[in-house]
Every structure is written in C-alpha cells, then in structure tokens.
Amino acid sequence: MRLLHRASPWRGLLAGQAAPLDDRLTALLAPLRDSLARLGPEPTLAASHTWQAELVDALSRLELPAWRIAQLISDHNDGLYRHAIELALNEMRGQGWGEPPVAFCVLTLGSAARHESLLRPDQDNAMLIADYADARHGEIDAFFQSLGERFTSRLDAAGIPLCPGHVMARWPMWRKRLGEWDAQLAIWTAERRVKRVQQANILLDFHPVYGATALAEALADSVARHVPAASLFLDEMAALLDESPVALDRFGRLAGGGKEAPHDGAVDLKLGGLMPLVGAVRLLALRHGLRAVATRDRLAALVAEGALAATEAAEAMRSLGRLQALLLEAQREARREGRAVDGWVGLDGLGEDQRLMLRHDLAVIRRLVRRAQASS
C-alpha cells in the first residue's frame with residue numbers, strides 16, 4: 001500500500017507499507033530507519049497499525065513538529081485504508097464477484113481527510129460511485145455494500161474502530177452515486193436546519209483515498225456550486241460553532257473540568273480547541289469558495305484570496321500546531337500508562353509558560369470563531 005507523495009520530502013519518505021531502506025534513510029534518520037526495519041517487509045494490517053505508535057515515537061525523537069507528525073499518521077492511515085480495500089476486492093474476486101461494475105472512489109472524512117489525525121481516530125469514510133441506470137441498482141449497490149462492509153470490518157479488526165455514528169461507506173447514507181451526492185448537497189444546503197448542516201459538515205472535509213479521483217473532483221465541483229451561495233445554510237453553520245465553545249471562561253481563563261472530565265484539572269482540547277478552530281476556518285473557506293481541505297492549507301488559501309491577513313493566518317497556524325503538540329503528548333502519555341487515548345489534557349502537568357501560551361492560543365481561536373461568525 002502506498003502513501004501519497006506530497007510536496008514535502010517527509011510526505012514522500014514512506015513509499016509504502018514498509019518503506020525501502022534507501023539512501024534517504026541515513027544515520028541522521030536512524031530512529032525511523034530502525035523502526036521500519038522492525039516493522040518488516042510485509043506486515044499485516046493489524047501489525048502495521050500497532051506499529052504506528054512506534055512510528056510516532058521515532059518521529060518525535062527526530063523532533064518533527066506535531067502538525068507534521070499528524071500528517072504522517074494520516075498518510076499511514078491512508079495506506080491502511082488502501083490495503084484493506086485491496087484485500088476486500090481480492091477476496092470478492094476469489095468469491096466470484098468479479099471486478100467493480102462501475103468506477104468508484106472511497107473518501108476519508110474529517111480529521112483523516114484534513115490529514116490532521118492524532119492517535120487512535122475512528123473511521124469516518126464515504127463512497128462515491130459513478131452514475132448508472134436505476135435498473136441496475138440492486139446488482140451494483142450490492143457489490144459496493146459488500147465492499148464497504150468488508151474493508152471497514154478489516155480496518156476495525158486492525159485497530160481503527162468503526163464509527164459509532166455510522167459515518168462509513170457500509171451504510172447507504174454514506175454510499176451514493178455521484179448524482180445522488182449532488183442532490184444530497186442541494187437538499188442539505190437549501191435550508192437552515194441543524195441536522196442537515198451537521199451532516200454536511202462531516203462530508204465537506206473529504207479526501208480521495210482509493211479509486212477514481214475524478215469522482216472526488218466532481219464532488220468538489222458540486223460543493224462549489226451549492227455551498228458558497230447557500231446563505232441560510234452558512235448562517236446555521238456559523239451558529240453551530242457555539243456548540244463547541246472555546247475552553248475559556250468569560251474572563252479569559254482556562255476552563256477545565258465538566259461532567260465528562262477524567263479529573264478537575266483536565267481540559268478537552270479537541271472539543272474546546274481544535275474543533276472550534278477547524279470549524280471557523282472551514283466556514284471562512286467555504287464562504288469564499290475555496291477547495292482546500294487541510295486547515296493549514298485553508299488558512300494559506302484565505303490569505304491568497306485576501307480574506308484573511310497573513311499575520312492572522314500565521315498566528316492561527318502556530319496555535320493549531322501548539323494544540324496538536326499538547327494533545328499528541330497527552331495521548332502518548334496515556335498510551336504508555338495504559339489509559340484511554342482521547343482529547344483531554346491535564347492542566348496540572350503543564351508549566352506556567354505552557355498555561356499562558358495555551359490561554360493565548362485559545363484566545364486566538366476565539367477571535368477567529370467570532371470573525372467567522374461575523375462574516376455571516
């Protein structure tokens with residue numbers, strides 16, 4: 001399974017499930033080289049997923065920033081997806097299903113699509129299927145339903161859990177013909193309805209991970225047609241930003257604790273930090289018809305569009321990177337101690353300088369949220 005090559009040398013360094021130990025992996029990259037050697041040439045899906053924690057340790061020893069490590073975790077998960085899909089297709093061929101009856105494309109959604117995943121994300125995926133005659137629906141959809149069930153089950157068995165909200169290609173809601181997706185976007189964006197905006201928010205961060213990328217490009221065209229002009233829909237998207245308030249109280253102090261908190265000195269930096277930032281940047285990008293998906297790419301595109309000052313975008317990028325670093329370190333510590341990996345960070349374990357910087361970063365995010373809402 002291949003990891004997609006990006007502009008950065010780091011994004012192209014891992015050429016497959018076990019990257020070749022070629023001249024790029026010099027002694028300076030010994031932690032990564034040794035880790036890949038331990039993985040071996042043909043690991044199972046489960047072994048490769050388990051190895052991901054070791055990959056993160058190696059990249060941390062190389063002092064890569066957390067935002068770059070998140071990209072590489074996501075790239076590695078892309079590879080697991082492709083491997084799982086290929087295994088499922090091969091199994092179907094062996095059972096007499098034959099080749100896919102029409103072109104298709106599997107999409108990752110959410111943080112996976114933005115290439116911002118940290119440790120232990122669950123599955124969020126969808127499937128685009130080329131248009132076909134209604135008379136063939138029973139035959140064709142049966143094939144792709146079986147494919148969706150098989151590859152998502154393989155990923156679950158390997159350690160990437162099934163989505164508890166059923167956002168997966170195994171379900172008809174997230175497996176449609178291209179024309180049906182276009183019609184779905186028209187319905188979602190036609191009115192100001194909370195549920196429809198919530199569902200659209202899931203789809204609007206998508207990335208093609210396997211299959212015909214032209215279908216994903218066509219879906220992006222549909223988004224560009226429907227979303228920027230849907231003022232009521234975007235107004236509701238702005239209002240929904242209040243559902244994930246920034247983790248500061250009205251005096252600008254860190255707001256931890258709560259019913260779900262593992263202890264009083266904990267703050268949910270995913271819900272109260274990353275999600276408001278991602279949501280605000282998504283809203284601004286959609287209003288301006290921008291097609292970038294990753295938060296950093298969207299911020300850069302907003303600057304290029306003249307919709308955001310370069311200083312504001314740079315500050316937001318720095319805040320995003322620092323939040324990712326805090327979360328990643330908290331998740332690594334939880335894994336080492338055998339605790340659940342989640343979005344909580346213990347404030348008691350932070351130094352005074354870290355607390356001050358966290359307050360600054362959350363204030364940056366709060367201002368960006370307000371700016372996004374004011375653009376409605």
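1. Arg-136 has a relative accessible area of 33% and is therefore partly exposed, a class that lies between buried (under 20% relative accessible area) and exposed (over 50%), as computed with a 1.4 Å probe on protein chains only. Its side chain meets that of Glu-139 in a salt bridge of 2.9 Å, N to O, where the term denotes a side-chain nitrogen of Lys or Arg within 4 Å of a carboxyl oxygen of Asp or Glu. Glu-139, at 46% relative accessibility, also counts as partly exposed.

2. This is a predicted model, in which local features need pLDDT of at least 70 and side-chain atom pairs count only at pLDDT 80 or more, while totals for chains, interfaces and linings use all residues. Residues are numbered from 1 along each chain as its sequence is written, and side-chain values use heavy atoms, with hydrogens and water left out.

3. A search of the whole structure gives 29 salt bridges, and two further examples deserve a comment. Arg-192 and Glu-236 meet through their side chains at 2.6 Å, N to O; this pair links distant parts of the chain, with Arg-192 in the loop between α7 and α8 and Glu-236 in helix α10, 44 residues apart. The two partners differ in their setting, since Arg-192 is partly exposed at 42%, whereas Glu-236 counts as buried at 10% relative accessibility. Glu-329, partly exposed at 36%, forms a salt bridge of 3.2 Å (N to O) with Arg-336, and both residues belong to a network of salt bridges that also links Asp-57, Arg-332 and Arg-335.

4. Helix α7 covers residues 178-190; helices (H or I, at least four residues) and strands (E, at least two) are DSSP runs numbered from the N terminus. From first to last C-alpha, the 13 residues of α7 reach 18 Å, close to the 18 Å expected at 1.5 Å a residue, the expected span being 1.5 Å times one less than the number of residues. The buried residues in α7 are Leu-178, Trp-181, Gln-184, Leu-185, Trp-188 and Thr-189. These residues lie on the same side of α7 because they cover an arc of only 120° around the axis, the arc being that of the directions from the helix axis to the C-beta atoms. The elements that cover them include β2 (125-129), β3 (175-177), α8 (194-203), α9 (213-226) and α10 (231-240).

5. Lys-176, located in strand β3, is a residue to inspect with care: it is buried and yet has no salt bridge, the nearest side chain of opposite charge being Glu-180 at 6.1 Å. In this count Lys and Arg are positive and Asp and Glu negative, while His and the chain ends are not counted. The side chain of Lys-176 does make a polar contact of 3.4 Å with the side chain of Gln-184; such a contact is a pair of N or O atoms within 3.5 Å, where within protein one must be able to donate a hydrogen and the other to accept it, and residues adjacent in sequence count only if both atoms are side-chain atoms. Leaving aside residues up to four places away in sequence, Lys-176 touches Met-127, Leu-128, Ile-129, Trp-181 and Gln-184, with contact taken as heavy atoms within 4.5 Å.

6. Helix α9 agrees with its expected span, because its 14 residues should span 20 Å and its end C-alpha atoms are 20 Å apart. Its buried residues are Leu-215, Ala-216, Leu-219, Ala-220, Ser-222, Val-223 and His-226. Seen down the axis of α9, they fall within an arc of 155° and so line one face of the helix. These buried residues pack against β1 (104-109), β2, α7, α8, β4 (206-211) and α11 (270-287), whereas the face turned away from them carries the exposed residues Ala-214, Glu-217 and Arg-225.

7. In helix α12 (residues 295-305), the buried residues are Thr-295, Arg-298, Leu-299 and Leu-302. They fall within an arc of 100° when seen down the axis of α12, so they line one face of the helix, and what covers them includes α5 (111-114), α11 and α13 (310-336). Just after α12, Gly-306 takes a positive phi of about 80°.

8. Ser-48, in helix α3 (residues 45-61), counts as buried at 0% relative accessibility, and a polar contact of 3.1 Å joins its side chain to that of His-76.
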